[in-house]
Amino acid sequence: MSKTIAILATLDSKGREAAYLASRVKALGHAAILIDAGVLGQPTARPDIAREQLARAAGTEIEQLRAVDDRGAAIMAMARGAAAIVMDLYRNSRIDGLLGLGGSSGSSIAAAAMRGLPIGFPKVLVSTMGSGDTRPYVGARDVTMMHSVVDISGLNRISRRILANAAAAVCGMVSVSLPPTAERPMIALTMMGLTTPCAVAASAVLEDAGFEVLAFHANGPGGQAMEALIEEGYFTGVLDMTPAEWADELFGGKGGAGPHRMEAAGRRGLPQVVSLGGLDMVRFGPISVVPARYRARLLHEHNPTITLMRTTPEECRALGELIAVKLNLAQAPVRILLPLRGLSNVDRAGGVFEDQVARSALFAALRETLSPRVQCIEMDLHINDPEFGQALAASLVALVGQSSGDSPQPERS
């Protein structure tokens with residue numbers, strides 16, 4: 001069955017390339033809608049949706065954007081307009097996929113439109129920025145970025161191949177159909193490599209109780225994605241056993257998830273069970289990029305691309321206070337379980353980050369700051385002991401059951 005692909009680009013500077021994408025989409029049996037997000041020059045391909053429509057959707061006019069002569073303001077306006085136009089096309093079932101291309105500015109516009117679309121909707125962005133830090137473009141959505149390799153400026157033997165691959169990718173995505181599956185209530189779970197055994201043990205209990213578990217890597221984008229999906233109402237409960245992103249957020253690591261981490265579940269009234277996985281470390285890139293002020297600290301090369309730094313007692317105290325403040329805001333039952341023997345696979349007896357003083361500071365600050373409404377349970381276990389993961393999951397099953405007035409039952413085949 002023929003589908004319709006929207007192609008979003010600045011047609012004054014990328015018109016030939018966008019037209020080539022459209023031709024490839026049509027050659028694969030699908031329809032294409034060209035959307036022009038350009039501002040200054042004349043389009044070199046005929047748009048189906050003109051730039052004037054995007055500007056008006058952003059509450060302005062193209063002439064005004066040109067008159068102000070502020071490139072940054074123009075890009076932000078066209079990004080708002082593109083997002084509004086694309087969302088309208090989606091809501092009216094006029095498009096089945098979105099394909100964008102551009103440099104840093106065009107990618108920003110296309111990515112803004114893509115981030116507004118739901119997860120699972122096909123989105124492919126060919127970009128000169130595809131080999132760098134893609135986080136500002138992808139955000140918490142499933143945007144597929146393809147590095148253009150050469151600049152998107154003319155058609156040549158490399159750019160034609162890349163663009164043809166992008167067209168084939170999005171056409172393949174819109175052609176996929178999945179068999180129906182039984183809908184189970186979903187649980188969000190946070191994890192990282194050094195807390196994986198805990199996640200595995202907890203997931204087994206949750207799945208036996210009839211839940212579908214969605215695990216999010218506590219690496220910054222993972223936490224942001226989880227918070228966004230909680231806001232959108234995907235989950236029945238949250239098992240936030242690895243809030244490691246807070247150490248990076250507070251102390252300059254590479255995996256911070258922003259200042260609003262651990263807020264969505266409480267605001268939406270979801271039952272949540274929390275632990276402290278990964279708060280023994282701040283994560284940086286290769287050891288050569290660790291900030292000079294930290295070079296004398298206890299560092300551990302986890303692998304060639306990740307260097308870990310042990311959090312101090314003072315840093316742990318700040319983390320404990322902050323997490324308690326976040327949990328105190330929750331509007332539904334919250335339970336926190338403390339693994340007294342360690343917070344990750346490197347913070348354990350004999351581990352490179354074993355530090356009972358730092359752990360005690362974390363636990364003490366948490367206890368002192370927590371509201372009496374938040375139940376705090378101490379367990380003489382390591383976070384990766386199977387019994388601890390099982391206890392986390394059992395606690396969440398109980399809270400979800402209390403919240404719904406009934407305990408969830410396992411699925412029957």
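Biologist: Hi! Which residue in E12 is the bridge partner of Phe284?
Modeller: The partner of Phe284 is Thr307, which sits in E12. Keep in mind as we go that this is a predicted model.

Biologist: Got it. How many bridges do E10 and E12 share, and in what sense do they pair?
Modeller: Four bridges link E10 and E12, and the pairing is antiparallel.

Biologist: What sheet are they part of?
Modeller: They belong to an open sheet of three strands, ordered E10-E12-E11, with antiparallel pairing. E10 and strand E11 (299-303) are at the edges with a single partner strand each, so one side of each has no neighbour in the sheet. On average, neighbouring strands here are turned by 30 degrees against each other, direction ignored.

Biologist: How many strands does the parallel open sheet with E8 and E9 have, and in what order?
Modeller: That open sheet has six strands, in the order E7-E6-E8-E9-E13-E14, and the pairing is parallel. Strand E7 (212-217) and strand E14 (375-379) are its edge strands, each pairing on one side only. Neighbouring strands of this sheet are turned by 15 degrees against each other on average, again ignoring direction.

Biologist: Can we zoom in on the middle? How many bridges join E8 and E9?
Modeller: Three bridges connect strand E8 (residues 237-240) with strand E9 (residues 272-274), and the two run parallel. For a landmark, look for Asp240, which stands opposite Val274 in E9.

Biologist: What actually holds strands of a sheet together?
Modeller: Strands pair through backbone hydrogen bonds, in either a parallel or an antiparallel way.

Biologist: Let's move to E4. Why would you call that strand largely enclosed?
Modeller: Strand E4 (residues 123-127) has five of its five residues buried, so the rest of the structure largely encloses it. Both of its faces are covered. Lys123, Leu125 and Ser127 are buried on one side, while Val124 and Val126 are buried on the other.

Biologist: Which way does E3 run against E4, parallel or antiparallel?
Modeller: Parallel: strand E3 (residues 97-102) is joined to E4 by five bridges. To find one place where they meet, look at Leu99, whose bridge partner in E4 is Val124.

Biologist: New topic: pockets. What is the volume of the largest one?
Modeller: The largest pocket holds about 390 Å³ of space. It is lined by 20 residues, and those closest to its centre are Thr10, Asp12, Arg71, Ile75 and Ser105. Helix H4 (71-91) and helix H5 (104-115) are the elements that each give two or more residues to this lining.

Biologist: And what classes of residues make up the lining of the largest pocket?
Modeller: Eight are nonpolar, seven polar and five charged.

Biologist: What about the second largest pocket, what's its volume?
Modeller: Its volume is about 290 Å³. Of the 15 residues lining the second largest pocket, His217, Asn219, Lys254, Arg283 and Ile306 are the closest to its centre. Your opening topic comes back here, too: strand E10 (281-284) and strand E12 (306-310) each supply at least two residues of that lining. By class, the lining has six nonpolar, five polar and four charged residues.

Biologist: Switching again, how many disulfides are there?
Modeller: Zero, from a search of the whole structure. Cys198, for instance, is in no disulfide, and its nearest cysteine sulfur, that of Cys376, is 16 Å away.

Biologist: Is Cys198 buried or exposed?
Modeller: Cys198 is buried, because its relative accessible area is 0%, under the 20% cut-off. Cys171 also counts as buried, at 4% relative accessibility.

Biologist: Last thing, backbone angles. What is phi at Asp69?
Modeller: Phi of Asp69 is near 55 degrees, a positive value in a residue that is not glycine. Most residues other than glycine have a negative phi. Asp69 is in the loop between helix H3 (62-68) and H4, and it counts as exposed at 67% relative accessibility.

Biologist: And where is Val149?
Modeller: Val149 lies in the loop between strand E5 (144-147) and helix H7 (157-174). Its phi is positive, about 70 degrees, although Val149 is not a glycine. With a relative accessible area of 54%, Val149 is exposed.

Note on methods: Residues numbered from 1 in each chain as written. Predicted model: local features only at pLDDT ≥ 70, side-chain atom pairs only at ≥ 80, totals over all residues. Heavy atoms only, no water. Disulfide = S-S within 2.5 Å. Buried < 20%, exposed > 50% of the residue type's maximum accessible area, 1.4 Å probe, protein only. 1 Å grid on protein atoms, 1.4 Å probe; cavity = no way out; pocket = protein on both sides within 12 Å on 5 of 7 lines; lining within 4 Å. Points joined across faces, edges and corners; volume = space filled by probe spheres on them. Nonpolar A, V, L, I, M, F, W, Y, C, P; charged D, E, K, R; others polar. Pairing = 2+ DSSP bridges. Axes fitted to C-alpha atoms, helices over the stretch in contact; angles between N-to-C directions.
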